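Please look through the sequence and the model shown here before reading on. The paragraphs that follow take up a few local features and then the contacts that join separate parts of the chain.

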Amino acid sequence: MAKGHRSQIKRERNANKDTRPKAKVSYARVSTTKAKIVLDTIKGKDVGAAVGILKYTPRNGARIIEKVLLSAIANAENNNGLDPANLYIQEAFANKGPTMKRIRPRAQGRAYRIEKKSSHITIVLNER
C-alpha cells in the first residue's frame, strides 16, 4: 500500500484516539458566554464537588451542564470502568452553536431582531 493510503491514514488516526471519558451536548439553548461562566467554576475540581456546585448554582446553564457532567461520569463508569471517586474535570468548554433569528415588532413600523443563541458544551474527565 502507498504511504498516504486512506486505510493507513484511518488506522493511524484510530491508534491515536483519545480514551478519556467525556460527554457532549449539542445545540444547548444557552449562550456560550453564560455557559463559560458556569464551566469556569467547576474546571479542575473533583467530580463530587462539581456536582454539588452545579446543584446550587442559580445560573441559566447550570442545569444543562449538570446533566452533561452526570452523563460523563456514567460514561467513565460504564465504558471505561473507572471509579467515580477518583475522577476530576480536566477540560470543560462551550463552543458556539447556530443562532436562531427572530423578529419582534417595534415602534413606528420597525422590526427588532432577537438572536437566540445556542452552544455545544463538552466535558472531559480524567483520573487522578
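Does Y27 count as buried or exposed? In this predicted model, Y27 lies in strand 1, and at 56% relative accessibility the residue counts as exposed, because the cut-off for that class is over 50%. The backbone of Y27 also deserves attention, since Y27 has a positive phi of about 60 degrees although it is not a glycine. Most residues other than glycine have a negative phi. Q108 is another residue other than glycine with a positive phi, here near 60 degrees, and its place is in the loop between strand 3 (100-105) and strand 4. With a relative accessible area of 71%, Q108 is exposed.

Strand 4, which spans residues 111-116, contains I114, a residue that is partly exposed at a relative accessible area of 29%. When its neighbours within four places in sequence are left aside, I114 is in contact with M100, K101, R102 and R104. By contrast, K43 lies 71 residues from I114 in sequence, and the C-alpha atoms of I114 and K43 are 31 Å apart in space.

We turn next to the packing of two helices. Two packed helices are described by the angle between their axes and the distance between the axes. For helix 3 and helix 4, the axes come within 9 Å and cross at roughly 155 degrees, which makes helix 3 roughly antiparallel to helix 4, as angles over 145 degrees are counted in that way. The crossing of helix 3 and helix 4 is left-handed. On the side of helix 3, the contact is made by V47, A50, V51, L54 and K55, while helix 4 contributes A62, R63, I65, E66, L69, L70 and I73. Sorted by class, the contact of helix 3 with helix 4 has 9 nonpolar and 3 charged residues, and no polar ones.

Charged residues of this contact reappear among the salt bridges, of which the structure holds 6. The side chains of E66 and K55 meet in one of them, with a distance of 3.0 Å from N to O. E66 lies in helix 4 (residues 62-78) and K55 in helix 3 (residues 47-55), so this pair ties together parts that are 11 residues apart in sequence. E66 counts as buried at 9% relative accessibility, whereas K55 is partly exposed, with a relative accessible area of 47%. E66 also forms a salt bridge with R63, the closest N and O atoms being 3.6 Å apart. R63 and E66 are 3 residues apart in helix 4 and are therefore separated by about one helical turn. R63, at 40% relative accessibility, counts as partly exposed.

Elsewhere, salt bridges that share partners join D18, R20 and E91 into one network. Within this network, E91 forms a salt bridge with R20, and the closest N and O atoms of the pair are 3.0 Å apart. E91 lies in strand 2 (residues 87-96) and R20 in the loop between helix 1 (6-15) and strand 1 (22-28), so the pair ties together parts that are 71 residues apart in sequence. Both partners fall in the intermediate class of accessibility: E91 counts as partly exposed at 29% relative accessibility, and R20 counts as partly exposed at 23%.

Notes: Residues are numbered from 1 along each chain as its sequence is written. This is a predicted model: local features need pLDDT of at least 70, side-chain atom pairs count only at pLDDT 80 or more; totals for chains, interfaces and linings use all residues. Side-chain values use heavy atoms; hydrogens and water are left out. A salt bridge is a side-chain nitrogen of Lys or Arg within 4 Å of a carboxyl oxygen of Asp or Glu. Helices (H or I, at least four residues) and strands (E, at least two) are DSSP runs, numbered from the N terminus. Buried means under 20% relative accessible area, exposed over 50%, partly exposed in between (1.4 Å probe, protein chains only). Axes are lines fitted to C-alpha atoms, for helices over the stretch in contact, and angles run from 0 to 180 degrees between N-to-C directions. Angles under 35 degrees count as roughly parallel, over 145 as roughly antiparallel, 65 to 115 as roughly perpendicular and the rest as oblique. A crossing is left-handed if the near helix is turned anticlockwise from the far one by less than a right angle, and right-handed if clockwise. Contact means heavy atoms within 4.5 Å. Ala, Val, Leu, Ile, Met, Phe, Trp, Tyr, Cys and Pro count as nonpolar, Asp, Glu, Lys and Arg as charged, and the others, Gly among them, as polar.
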